Each structure stands twice: as C-alpha cells, then as structure tokens.
Amino acid sequence: MNDTPTHMPAPPSPSSELRAALSQAGLNAGVTDTESETENPVRIAPLSPTDARQLARLIRTGTKRTLKAARALREICEGYRIDLPGLRVKQGRITLGPIRIDDAARLARLLGAVPQITEQPGTDADAGTVRAMLIQAFPQATGGGVLSVSVRENTPDLLDRGSIDARTARRLIRALQF
C-alpha cells in the first residue's frame, strides 16, 4: 500500500467552468480569464441576441423548481397573513430573510410548536422564545429540514432566518397545507 498522498487536481477556474458550460449549451460567448479569479470578476463578452435569449431560457429552466417553490411558499404564507418581505432566490436557495416576531410565532404554531411555559396567553412572546419555537418546530414539520434563526440585536422585533433548498421548501409548504 502506498502511503504517499495522492495529488488531487485543482478544481477548474470559474472562467473555465463558465466557458465549458456555455459551450456545452451551444452558446458562443467569450469568457475572460483573469489573473486572480478570486478577486476579479469573470466577464462574458457581448452575446448575440439569439445567444442571450437562449442563456436567459437556460437560467429560467435551471431555477424553475426553486422559483416555483419560493412563489408557492410566499402564497401560502400570505394566506395565513404571514409577511415574508425578504423571501428571495439567491444562489439556488430560497433565502427567507427577516420576519416580524408575531409572524414568526404564528408560523411556529402552524408548524406545531408548543408555546413555552413562560409565555402567558394573550401576551406577545419575546424574540428568544419565538426563535426556540421555530427551531424546535421546523425540523419536525419538514421531516428533518434545518433552518437557522437568529435574533436581531439592533431590531428586537425581527428575527433573521437563513436559507433553505427547494426540496425543504416544498416539505414546508406541505406542512403548512395540512
């Protein structure tokens, strides 16, 4: 057995990856190489109108399921009067963004969270309590999905929620439908 470490090839540069993907899609686009691609942006040379339309179509096709899940999640939450102003699709994930404490508490209860003992009926829950409720209820409602939730220090009436993938979003939607 050889104990010398095997050398893993370096991953392709971002410009090489983009150039290959565009070529595989049949698009004729120049991609600039830069000396340091971690600091300098990769640039795409001007595209023909036909190639630009095709690239737009490919991007929409590739993100269709995620965009559809984000739209459905927004619609079902609007039906429960839960405001999701920061819901966005970013880098292939659904970023949930900030949520008001009362909306977060309503969402947690819809997901089956049990109010903490310290919470009195008819009183507003504090951010820490609601955060704990969401963290407890989310994985149970989504079958193991994870959601990061943090309390905003400078805006105590808002919680920040992380991002989820489209599959977890669809499981969340199903949980909210029933």
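# A walk through five helices and four strands

In this protein, residues 24 or more positions apart account for 54% of the contacts that have a separation of 6 or more. Keep in mind as you look around that this is a predicted model. The protein has 178 residues, and 30% of them are buried. Its secondary structure comes to five helices and four strands, and reading along the sequence you meet them in the pattern α-α-β-β-α-α-β-β-α.

Let us begin with the sheet. Its four strands are arranged in the order β1-β2-β4-β3, forming an open sheet with antiparallel pairing. At the edges sit β1 (88-90) and β3, each of which pairs on one side only. From one strand to the next, the twist averages 25°. As a general point, the strands of a sheet pair through backbone hydrogen bonds, and they can do this in a parallel or an antiparallel way.

Now follow the sheet from one edge to the other. Strand β1 pairs with β2 (residues 93-100) over three bridges, in the antiparallel sense. Here you can find K90 opposite R93 of β2. The two strands form a hairpin with two residues between them, and in this hairpin Q91 takes a positive phi near 50°.

The next step takes you from β2 to β4, two antiparallel strands joined by six bridges. Along this pairing, I94 stands opposite I164 of β4, and G97 stands opposite R161 of β4. How many of the seven residues of β4 are buried? Five of them are, so β4 is largely enclosed by the rest of the structure.

The last step across the sheet goes from β4 to β3. These strands are antiparallel too, with three bridges between them. They make a hairpin with six residues between the strands. Look again for R161 in β4, this time with V149 opposite.

With the sheet in view, turn to the helices that pack on it. Helix α2 lies across β1 and β2, and its direction is at about 20° to that of β2. Helix α5 also packs on the sheet, where it touches β2 and β4 (158-164), and its direction makes about 120° with that of β4.

These two helices also meet each other. The axes of α2 (residues 49-79) and α5 (residues 166-177) are 9 Å apart, and the helices pack at an angle of about 25°. Angles under 35 degrees count as roughly parallel, and α2 and α5 are therefore roughly parallel to each other. Their crossing is left-handed. From α2, the residues taking part are R65, T66, A69, A72, L73, I76 and C77, and they meet A166, A169, R170, L172, I173, L176 and Q177 of α5. Sorted by class, this contact has 10 nonpolar, two polar and two charged residues.

A second pair of helices is worth a visit. Helix α3 (residues 101-110) packs against α4 at an angle of about 30°, with 9 Å between their axes. This pair, α3 and α4, is therefore roughly parallel as well, and its crossing is left-handed. On the α3 side, I101, A104, A105, L107, A108 and R109 make the contact, while α4 brings A127, V130, M133, L134 and A137. By class, the contact of α3 with α4 has 10 nonpolar residues, no polar ones and one charged one.

To finish, zoom in on a single residue, L147. Where along the chain does L147 have its place? You will find L147 in the loop between α4 (127-142) and β3 (149-151). Is L147 buried or exposed? Its relative accessibility is 8%, and since buried means under 20%, L147 counts as buried. Leaving aside neighbours within four places in sequence, L147 is in contact with L96, I135, F138, R161, G162 and I164. Two of these names should be familiar from the sheet: R161 stands opposite G97, and I164 stands opposite I94. For a sense of distance, compare the positions of L147 and A137, which are 10 residues apart along the chain: their C-alpha atoms are separated by 10.0 Å. A137 has appeared before too, as one of the α4 residues in the contact with α3.

Technical notes: Residues are numbered from 1 along each chain as its sequence is written. This is a predicted model: local features need pLDDT of at least 70, side-chain atom pairs count only at pLDDT 80 or more; totals for chains, interfaces and linings use all residues. Side-chain values use heavy atoms; hydrogens and water are left out. Buried means under 20% relative accessible area, exposed over 50%, partly exposed in between (1.4 Å probe, protein chains only). Contact means heavy atoms within 4.5 Å. Axes are lines fitted to C-alpha atoms, for helices over the stretch in contact, and angles run from 0 to 180 degrees between N-to-C directions. Angles under 35 degrees count as roughly parallel, over 145 as roughly antiparallel, 65 to 115 as roughly perpendicular and the rest as oblique. A crossing is left-handed if the near helix is turned anticlockwise from the far one by less than a right angle, and right-handed if clockwise. Ala, Val, Leu, Ile, Met, Phe, Trp, Tyr, Cys and Pro count as nonpolar, Asp, Glu, Lys and Arg as charged, and the others, Gly among them, as polar. Two strands pair if DSSP finds at least two bridges between them.
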